[in-house]
Amino acid sequence: MSLEITTVPCGNGTLFLHFRSGWNADRYREAGDFDLLPNAMRAGSTSGAPIVEGSAFVAGFLSPDVRCRFRRKGDVITLEAPQASDIFVHRGKLEEGWARYHTLLGDMLLPLGPVANPEILSRVEYCTWVEQKVLAERTCQKPMEVLDDAFVDTYLRRLDHLGFPPGVFTLDHGWLRGSCTFDFNRHEPDTDHFPDLTRTFDRIRSAGHIPGLWFAPCFLLEDHPFFAENPQAMGPLFAGANEGGFQYPLRYFQIDDSTREAVRSHYRQVFTPYTRMGALKFKLDFTYEDRSVMRANLTLAHEVIKELSPGAEVEGHLADPFTARALDAVRLNDLVIESNPAWLQLMEDHYNICSHGAPQTQLNLDHIGTNSPRVSEHDFRASLESYRGKRGYPVVSLLPDHWGNDTQALLREYLWSVHPRPAEKRQ
């Protein structure tokens, strides 16, 4: 099949590639030549629309077709797509280009299925992950090993003492059996750490919060019985993740007409117990490989969760417009201050990518202070200030009660200012 081709003069300067991502790194800026398939390349940590920005143009694709291609050679970019209508080029002001792009996408930006309860999507989120890292460093353990009922109860007491508003309280990586090796088998709670997860949820609710759970649902170890029964569903190999050095023989689900019902059934087995327990937030993580495969998995996982609990929030970290419609919130995923001196610019890049790639999806501003357990008080406050005025709900993971009252009060004031019921009594 022949492809439609359009060329765009781009000059010899640096271009911004919204779809290319590297964990805690700037992979978005490119001054050299490239040849890329934006809809089929690695999704990475935070990647967005299949768009290239220059100083005075926006160019890319209005389709998720995996054959769409960018080729840059010197001062010219060539765009290839199956149909001329798949190609988008705007010369002029960038924001005008984005507005036109979103207008042309039209119904492709509309949510797939029910939208989460607005109360959930407007609350601050409290996520256990960075405090897990703090305790793990102190006790010479892995972050996934320290999450248990005692940890949750301590975190809830600290929130109450700080006077922070009620929010969504998410148990991150570590509550599932097999968390350290990603051997999730049946996605069961680790009963050594959480003997009765229903009672854990009750205590979270009693403290005024909405319970949420972290999942990495889109892959399994390649020797899992599911793949023995459904070998055609064995998709791309997980290439590993920088944070924590996770690298295990995990395979993503390859979803097509022959495998969809088997994967759907698996997703129902994964999520049904927790919708019945009352989890109303599902944080879907580790969708790092081929964007087309990740899109298919997130879309199907979203469909299953919404069948089980229409008002629940489904959150992910792929801000591609063709995927974001299958998410209630898109996460600005993963920064670590001490390993990236340019973290503040990267945070702005992530916001730019997510707000343009998911214009009708709520944004998850992850995390105040980044993923760093050793962030300084100065940098924590700088991170907090960078969130002001941005669309989305803030995520608190590291609690500031080991610093002075001024920083605690600053965060408390900000969280109450964005709380959906700001007239409630502040402490």
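This briefing describes the cavities, the largest pocket, the salt bridges and the aromatic contacts of the structure shown above.

The model is a predicted one, and the values given here were computed from it. The structure holds three cavities of 30 Å³ or more, and the largest pocket has a volume of about 290 Å³. A search of the whole structure finds 35 salt bridges, while the count of aromatic pairs comes to 32.

**The largest cavity**

- Among the three cavities of 30 Å³ or more, the largest has a volume of about 160 Å³.
- This largest cavity is lined by 17 residues, and the ones closest to its centre are W129, D172, E243, D285 and D334.
- When the lining residues of the largest cavity are sorted by type, seven are nonpolar, four are polar and six are charged.
- One of the residues closest to the centre of this cavity, D285, also takes part in a network of salt bridges that links it with E125, K281, E313, E315 and R331.

**The largest pocket**

- The largest pocket, with its volume of about 290 Å³, is lined by 16 residues, of which N185, R186, H224, H266 and Q269 are the closest to its centre.
- Helix α6 (225–229) and helix α7 each supply at least two residues of this lining, and α7 gives the most, with seven residues.
- The lining of the largest pocket divides into six nonpolar, seven polar and three charged residues.

**Salt bridges between distant parts of the chain**

- R203 and D149 form a salt bridge in which the closest N and O atoms are 2.8 Å apart. This pair links distant parts of the chain, since R203 belongs to helix α5 (residues 197–206) and D149 to helix α4 (residues 149–162), with the two positions 54 residues apart in sequence.
- The two partners of this bridge can be described by their accessibility: R203 is partly exposed, with a relative accessible area of 30%, whereas D149 is buried, with a relative accessible area of 16%.
- R264 and E303 form another salt bridge, with the closest N and O atoms 2.4 Å apart. Here the distant parts that are linked are helix α7 (residues 260–277), which holds R264, and helix α8 (residues 291–308), which holds E303, the two residues being 39 residues apart.
- In the R264 and E303 pair, R264 is buried at a relative accessible area of 15%, because buried means under 20%, while E303 is partly exposed at 32%.
- The side chains of E338 and R374 also meet in a salt bridge, at 3.0 Å from N to O. Both residues lie in loops: E338 is in the loop between β18 (329–331) and α10 (343–357), and R374 is in the loop between β19 (362–365) and α11 (377–387), 36 residues apart.
- For this loop pair, E338 is partly exposed, with a relative accessible area of 39%, and R374 counts as exposed at 52% relative accessibility, because exposed means over 50%.

**Aromatic contacts**

- Of the 32 aromatic pairs, one is formed by F215 and F271, which meet edge-to-face at 5.1 Å centre to centre, with 70° between the planes. F215 lies in strand β12 (residues 210–215) and F271 in helix α7, so this pair ties together parts of the chain that are 56 residues apart in sequence.
- F215 counts as buried at 0% relative accessibility, and F271 likewise counts as buried at 0%.
- F215 also pairs with F282, and this contact is stacked, with 5.8 Å from centre to centre and 25° between the planes. Because F215 is in strand β12 and F282 is in strand β16 (residues 281–284), the pair ties together parts that are 67 residues apart in sequence.
- F282 is buried as well, with a relative accessible area of 0%.
- These three phenylalanines belong to a cluster in which ring pairs link W175, F215, F226, F227, F253, Y267, F271, Y274 and F282.

**A charge over a ring**

- The charged end of K390 sits over the ring of Y351, at 5.3 Å from the centre of that ring.

Note on methods: Residues are numbered from 1 along each chain as its sequence is written. This is a predicted model: local features need pLDDT of at least 70, side-chain atom pairs count only at pLDDT 80 or more; totals for chains, interfaces and linings use all residues. Side-chain values use heavy atoms; hydrogens and water are left out. On a 1 Å grid over the protein atoms alone, a cavity is a set of points where a 1.4 Å probe fits but cannot get out, and a pocket is an open set with protein on both sides within 12 Å along at least five of seven lines; lining residues have an atom within 4 Å of a point. Grid points are joined across faces, edges and corners, and a volume is the space filled by probe spheres set on the points. Ala, Val, Leu, Ile, Met, Phe, Trp, Tyr, Cys and Pro count as nonpolar, Asp, Glu, Lys and Arg as charged, and the others, Gly among them, as polar. A salt bridge is a side-chain nitrogen of Lys or Arg within 4 Å of a carboxyl oxygen of Asp or Glu. Helices (H or I, at least four residues) and strands (E, at least two) are DSSP runs, numbered from the N terminus. Buried means under 20% relative accessible area, exposed over 50%, partly exposed in between (1.4 Å probe, protein chains only). Rings of Phe, Tyr and Trp (its six-membered ring) pair if their centres lie within 6.5 Å; planes under 30 degrees apart count as stacked, over 60 as edge-to-face and the rest as tilted. A charge sits over a ring if NZ of Lys or CZ of Arg is within 6 Å of the ring centre and within 35 degrees of the ring normal.
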